[in-house]
Amino acid sequence: MLGAVSRSAQPPHHSWIYRRLLLPILALLRMGATPERLAWSIAVGIVVGLNPALGTTTAVCLALSLVFRLNIVAAQLANHAMFPFEVALVIPFIRLGSRIFRTSAMPLTAADFLHHARTGPVALLRLVWIWEWHAFAVWVVLAALGAPIIAVALTPLLARVQGRIQRHQFPIVP
């Protein structure tokens, strides 16, 4: 059988996360990105991706990548991978900010929120602005502490992966 392909010749099926997140990181290492710079890029992408100001992460990540000369692709990959966690952590950041700064708690039921919107929309807008800034301040402190920890943890891992790539033990899968 000349046209038959054996089962072992078929490329392995990899998960979406492997294809969309890990393979691009491997490709960046192959193209000469250093493990340290790549680790910092991923760390910045992760912490910026958890920013409680929804809708700002891409611009903030791009700006920080340009200012610190980080790998934009790696930072944006990590940033966008954090989106589900960003959405899940908005309310905890707001609650933590209101506790730390001792402001009133955010009404979490739709009925309470609508009641405040109908009775005092300007006051509610002011409160939302305050809650968001307090959540953002908490995030800045946690990001400043978390980014170096993540970068230090990722650097040896990426250095090992780069060593395997240089020894041709980590082939790219199409």
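This passage describes the overall fold of a predicted model, followed by an aromatic cluster and two loop residues.

The chain contains seven helices and zero strands, so that its elements, read along the sequence, follow the pattern α-α-α-α-α-α-α. Of the 174 residues in the chain, 35% are buried. Among contacts with a separation of 6 or more, 74% are made by residues 24 or more positions apart. The accessible surface of the chain amounts to about 11,300 Å², and carbon and sulfur atoms contribute 70% of this surface.

Three aromatic pairs are present in the structure. In one of them, the rings of Trp133 and Phe136 have centres 5.6 Å apart and planes at 85°; because this angle is over 60 degrees, the pair is classed as edge-to-face. Both residues belong to helix α7 (residues 121-166), where a spacing of three residues separates them by about one helical turn. Trp133 is partly exposed, with a relative accessible area of 46%, and Phe136 is also partly exposed, at 26%. Phe136 pairs in addition with Trp139: the ring centres lie 5.2 Å apart and the planes meet at 35°, so this pair is tilted. Phe136 and Trp139 are likewise three residues apart in helix α7, a separation of about one helical turn. Trp139 has a relative accessible area of 8% and therefore counts as buried, since the limit for a buried residue is under 20%. Together with Trp129, the residues Trp133, Phe136 and Trp139 form one aromatic cluster.

Two members of this cluster, Phe136 and Trp139, are also in contact with Asn51. Asn51 is located in the loop between α2 (35-49) and α3 (57-67) and is buried, because its relative accessibility is 0%. The side chain of Asn51 takes part in a polar contact of 3.0 Å with the side chain of Thr56. A polar atom of the Asn51 side chain also lies 2.8 Å from the backbone nitrogen of Ala53. Beyond its neighbours within four places in sequence, Asn51 has further contacts, including those with Thr57, Val60 and Glu86.

A second loop residue, Met106, is found between α5 (83-100) and α6 (110-119). Its relative accessibility of 22% places Met106 among the partly exposed residues. When residues up to four places away in sequence are not counted, Met106 touches Ile91, Ile94 and Trp131. Met106 and Ile91 are 15 residues apart in sequence, and their C-alpha atoms are 8.9 Å apart in space.

Definitions and conventions: Residues numbered from 1 in each chain as written. Predicted model: local features only at pLDDT ≥ 70, side-chain atom pairs only at ≥ 80, totals over all residues. Heavy atoms only, no water. Helix = DSSP H or I, 4+ residues; strand = E, 2+ residues; numbered from the N terminus. Buried < 20%, exposed > 50% of the residue type's maximum accessible area, 1.4 Å probe, protein only. Contact = heavy atoms within 4.5 Å. Polar contact = N/O pair within 3.5 Å; in protein donor to acceptor, adjacent residues only side chain to side chain. Areas by Shrake-Rupley, 256 points an atom, 1.4 Å probe, with all protein chains shown as cover. Phe/Tyr/Trp six-rings, centres within 6.5 Å; stacked < 30°, edge-to-face > 60°.
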